[in-house]
Every structure is written in C-alpha cells, then in structure tokens.
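Let's take a friendly tour of a protein model, looking at its empty spaces, its rings and one glycine. Have the structure open as you read.

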Amino acid sequence: LDAITIGSGDATLDVNGFSIAGAKLVNNSGTIRNFAGDYNSNQIRNLKGGTVSVASGGTIRVTTGGLWNAGTILAAKEIHWAGNVSLTGGGALVLNDTRLLDPNVDQDVTDQYERMMSIAPGTTLRGTGEIFKQNIENSGLIEADVAQKGKGAPEKVLWFNGTIRNNGTIRVLNGGHINVNRPAIFNANGLITSGPGGGSLRLEMPFKMLGSIGALGGGCYTPPPTKGFIRADGGDLEIVAGAMYEGRIQRGPGGGVVKMAHVTTQNVFVDAGAELHFRPVLIYPNPNRTDLDQPFLTIGSTFVAFDEMVQLITNNGTIRFTGGLIGNGSSGRMQTIISGTGELILEDATIGSGTGDTFVNGAGHTIRGCGSINAPFLNEGTVALDCAPAKSARIGGKAVRQSYGYDGKPTVQAGASIENRGRISIARASVSISGPAEPLYLLQTATPTVVTNKGTIAAS
C-alpha cells in the first residue's frame, strides 16, 4: 500500500485490531483512533488539524530520534523513545498520566547524559505524566493544564526527571502543576508564566530538597530587559524553589500574583505593577501538624560595581510578606538593600534577625503595614506603618542568643544602630522606636542599640 490520506473534518480511521505499518505514507488531517505500536513521523505525517489518539492503556514506540507533528498526538500509558530526541512540527504532544522514557536504560539512574529532549519553537508538550530525559532544551511551550479532580484525589502533575534550559515558555493554568525533580531551571532566555486558573511550578527533589531558577547562569549582573521573566498572567503563579537568581517578577494583562515561601534571591527585580507574595505554607507535612511553615526570604549578594558587593533586591512593584522573616546578611561587611520605587507590605512580618549586616530601605522605596524591624536598620526612604488598634509596630534592637568564648565566659555583643534619613510615620495604633528588647531566656542577651534620627518621625 503506497499511501493513505485521511481528510480534514470528521474523517476518521480506527486502527483497532489492525495495523497501518504496511503503508509507505499516511497523511492525516482528520483522526487516527486507537493507535498503538511503532510511530515513525517520516511515515505518519500528522498534519495541521490532524489528531492521532493512542488506544487506552496503549504504548507507542517512537522509532526515530525526531518526532515531527503539526497536529495533536494524544498519548496514553507510555511513550518509548530512546536516546536523544526532538519534538518538532508546531503541533502538540499531549500526555495523559503518561511515562515518556528510554526503555533501554534504568530510569532510576540519573547520569543519562545521552538522554536529551529538545522542544522546537511553536511546538507544545502538555498534560500530565513523567518525562525521563536528563536534559530538556525547551524553545517551545511546556504546559500543565490539568487540575486535581477533588480533595483527596491524586495530584495531577507534569513531572520532569531532568534539568530544564528554558528558551521558550513554561506555563501552568487551570490549577495545573509542574515539578522538576532536578536541581535547576535555567531561564535566561525564557518565560515562566500562568494562565487562567493559575497553578504551581515546583523544583522539589526527594527529602524536600529544593532546586533553583536562574536567569543568568553564574552571572552577577542585571538580566537583559526582555528575558528571565516570571509572570502571573490570568491566575496566581506559585513558585516552590530554594533559590532564584537574576529573575524579573511581572504581572501580565490577565492579572495574578507570584507566590513564594522559603527562598534565597540574588539580584531579583519586581517590576512595576507586579506583586510577589510570601505567605505561610505547609512545606514539611506531618500527620500531627496543624500549623504552617512561616515564610523566609534570604537576600543574596551581587556586584553593583567592580569592587562593591551588596545583598540586593529591587522592588518597583509590591512585595507582600505575611508572617515570617526577611533576613539580613551575616557577613558583617555588606548591606542588605531593598531598593526601587515600590512597596514592601508587612503583615505581622519581621525585617532583620537582630544582628549582622545593616538592612537598608533605599531612597524612594516604602515599607508599609504592621510588623517589626530589627536593628541594624537604615531608612533612606519611607516607613509608613499602619497597625490595627489591637496591634503595634516596633523598630528596635533585639535580644539575641548569647555567645561564649573559649574560656566559657560570655562575649561582648557588638552594638547595632537604627538610623533614619527618610520618613517614619504611624497612621494608627502605635510604633516603638527604641533600643534592644529585654532578654527572655538565660541564653539571650540584649544588643546595645543606638537610635539616630536625621529625617522625619511623625504621627501620620
């Protein structure tokens, strides 16, 4: 048989019980149903508008390294695809709790450097399932668009057992989830985004080890203005990662908030109009626990000049912190700086650990809400606190753990300072600007604190 042509529209070829392997060429613009077995895209040309639907519980074996597809392939139980592979053609490969793997290797062996998958521009990989390829080069679209069916039902996840280099788009929508079970997503030239209904992107490995998202591999400079974006656009985008390097947080026309919990950042930008929300989540589940883990932000160091390094985050939008701690550095040599023209909103959150590097609220930047700011602290911008009547804010030193020398005697705690060069105000309730808090335990000591006002402190 030389060729089979399946026209567009309602034309359907049901291959249940027989094979089309004998045909030299199959041109499909309609539907091939109940397919299983060997799939060679040089023989089966799934054209634009065409659909190849794999039989329920069935497996396809892709017999070539490249899979060209301009239509839609609806996978089922497994896709066997050996070696380095490429997905091209501008169509969509849709997984349905599908395992995509090389049948010739042990899937639990991670050092499979000859097992790379590339996704071409305009081409989509979406759905739910598990990808066993060690390196994924994405120039197209990776999309998780299937939600959990209900409370207590198994979570629907698009799972990657490989590092991703994203030059295209990674998107979650309809409550979908992506998990990368490897240490990194390199996002220097790509976009991570949400769609209607939002979803989550996690870099979670065994034992709750969290990976990183980097916009510039190994770089310490401002990312290109059109690259490295993390954008909420149509729904909230939840990011679960241990670190984020050089990224830009944005809000698209569809709206939404980027949400995180525990992370270390390096030179991250929050663009105007965007919101980054740190809130309590359950990171370490336990049947006996009913509380949530409080958020924690560590601001990592970056070069701002050839010979100057600071711990920096640039906020031109909104950073909202519900509970938890925004940490300052412990080097004793640098400053921890939040700069920009945006707002940091404290919702019973704390800035600074009480020792270490000075936390700086940069000129033009505003801290709002209600919480605590521990010395050392330098305000060059605006601190406009507004607490509910039953609450109060505090800017002051902190009682810290007492340290001891080799002789067993307590060491002298270095002093800390609070300096205001901008404006500090309180709209409701009260604010305390003072020296150290009183020690609560025998192992604590008060930090000597000096308060200096070179700006304005007002009641409103």
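A pocket is an open set of grid points with protein on both sides within 12 Å along at least five of seven lines, and its lining residues have an atom within 4 Å of a point. Keep in mind that this is a predicted model.

## Two pockets

Start with the second largest pocket, which holds about 170 Å³ of space. Try finding its lining in the viewer: V15, F18, S19, I20, A21, N34, F35, A36, D38, N40, Q43 and I44. Sorted by class, this lining has seven nonpolar residues, four polar ones and one charged one.

Now move to the largest pocket, with a volume of about 270 Å³. It is lined by 16 residues, and those closest to its centre are E204, V240, V281, L282 and I283. Which strand gives the largest share of this lining? That is strand β29 (residues 237-240), which supplies three residues. The classes here are 10 nonpolar, one polar and five charged.

## Closed spaces

Rolling a probe the size of a water molecule over the atoms shows where empty space is left. In this model, two cavities of 30 Å³ or more are counted.

The second largest cavity has a volume of about 40 Å³. Around it you will find L297, I299, I313, I319, I326, I338, L344 and F359. What classes do these lining residues belong to? Eight are nonpolar, with no polar and no charged residues in the lining.

## Rings that meet

How many aromatic pairs does the structure hold? There are two. In one of them, the ring centres of F35 and Y39 are 5.6 Å apart and the planes stand at 80 degrees, so this pair is edge-to-face. You have already met F35, as it also lines the second largest pocket. Is F35 buried or exposed? Its relative accessible area is 4%, and because buried means under 20%, F35 counts as buried. Y39 is buried as well, at 1% relative accessibility.

The rings of F278 and F321 meet in another way: their centres are 4.8 Å apart and their planes are at 25 degrees, so the pair is stacked. This pair links distant parts of the chain, 43 residues apart. F278 belongs to strand β35 (residues 275-278), while F321 belongs to strand β39 (residues 318-322). Both F278 and F321 are buried.

## Charges over rings

Two arginines are also worth a look. R45 lies over the face of W68, at 4.0 Å from the ring centre. The charged end of R165 sits over the ring of F186, 4.8 Å from its centre.

## A glycine in a strand

Our last stop is G371, in strand β44 (residues 366-374). Is G371 buried or exposed? With a relative accessible area of 8%, G371 is buried.

Which residues does G371 touch, leaving aside its neighbours within four places in sequence? The contacts are with L346, D348, A349, A393 and R394. You can also trace a path from G371 back to F321, a member of the stacked pair. G371 and F321 are 50 residues apart in sequence, and their C-alpha atoms are 9.7 Å apart in space.

Note on methods: Residues are numbered from 1 along each chain as its sequence is written. This is a predicted model: local features need pLDDT of at least 70, side-chain atom pairs count only at pLDDT 80 or more; totals for chains, interfaces and linings use all residues. Side-chain values use heavy atoms; hydrogens and water are left out. Helices (H or I, at least four residues) and strands (E, at least two) are DSSP runs, numbered from the N terminus. Buried means under 20% relative accessible area, exposed over 50%, partly exposed in between (1.4 Å probe, protein chains only). Contact means heavy atoms within 4.5 Å. On a 1 Å grid over the protein atoms alone, a cavity is a set of points where a 1.4 Å probe fits but cannot get out, and a pocket is an open set with protein on both sides within 12 Å along at least five of seven lines; lining residues have an atom within 4 Å of a point. Grid points are joined across faces, edges and corners, and a volume is the space filled by probe spheres set on the points. Ala, Val, Leu, Ile, Met, Phe, Trp, Tyr, Cys and Pro count as nonpolar, Asp, Glu, Lys and Arg as charged, and the others, Gly among them, as polar. Rings of Phe, Tyr and Trp (its six-membered ring) pair if their centres lie within 6.5 Å; planes under 30 degrees apart count as stacked, over 60 as edge-to-face and the rest as tilted. A charge sits over a ring if NZ of Lys or CZ of Arg is within 6 Å of the ring centre and within 35 degrees of the ring normal.
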